[in-house]
Amino acid sequence: MEFEIIKKAIELADPYKAVLNYLDKIEIEGKVFVVGFGKAACPMAKAVEDKMLNRIEEGVVVTKYGHSFPLRKIKVFEAGHPVPDENSVKASLKILEVAKKVKDEDTLLVLISGGGSSLFALPEDGITLEDKIKTYKLLLSCGAKIHEINTVRKHISKVKGGKFVKNIKGKVISLIISDVVGDNLD
């Protein structure tokens, strides 16, 4: 009985299945663009490909080193977690490039999972990646809680705190899987 309960809990937490189930419940209009960031970005993106491969115009996701696998139409980057690196910036720039292609009649699917805050990292003007890395390391080493870390991240980022979607045209649908205790989406 215990094994069945554990097996069912793991099954319910599967990011691939969660995205597939959600996509069955929504209507997506126009061309579909897909971007994503987090440790579960690849299984989430695979679900989107499996459900609507022919409708995807373009896509890119970034995940933690060692968590990627090839996708058919969506480009995959690996980057640093919990501390961002050069690949975090490269992937973030590519995500912005894809998002800017979305037209009024299109849909941007944004796939977000745990780790996304460090993987989708683009320093604010006047702040270097090195500044960001030092800040992250200081916060991690002093015992800051995740909501405190994310509060600081928003202020030193060009893409966090709503800045990413501010200038996107079309419909934006975010599918979010949280690994923060209490599921605080900040």
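How many bridges join S1 to S2, and in which sense do the two strands run? I looked this up first and found six bridges, with S1 and S2 running parallel.

I note that the model is predicted: local features need pLDDT of at least 70, side-chain atom pairs count only at pLDDT 80 or more, and totals for chains, interfaces and linings use all residues. Residues are numbered from 1 along each chain as its sequence is written, and side-chain values use heavy atoms, without hydrogens and water.

**Sheet.** I traced an open sheet of five strands (DSSP runs of E, at least two residues, numbered from the N terminus) in the order S3-S2-S1-S4-S5, with parallel pairing (at least two DSSP bridges between two strands). S3 (75–79) and S5 (171–176) each have a single partner strand, so one side of each lacks a neighbour in the sheet.

**Pairs.** In the S1–S2 pair, I found Val32 opposite Ile56 of S2. The chain passes from S1 through H3 to S2 in a right-handed β-α-β crossover, which means that, with the strands pointing away from the viewer, the path from the first strand over the helix to the second runs clockwise. S2 and S3 pair in the parallel sense over five bridges, and Thr63 stands opposite Glu78 in S3. Six bridges join S4 (residues 107–112) to S5, also in parallel; there I located Leu111 opposite Leu175 of S5.

**Burial.** I checked the cover of S2 and recorded seven of its nine residues as buried (under 20% relative accessible area, 1.4 Å probe, protein chains only).

Technical notes:
Helices (H or I, at least four residues) and strands (E, at least two) are DSSP runs, numbered from the N terminus. Buried means under 20% relative accessible area, exposed over 50%, partly exposed in between (1.4 Å probe, protein chains only).
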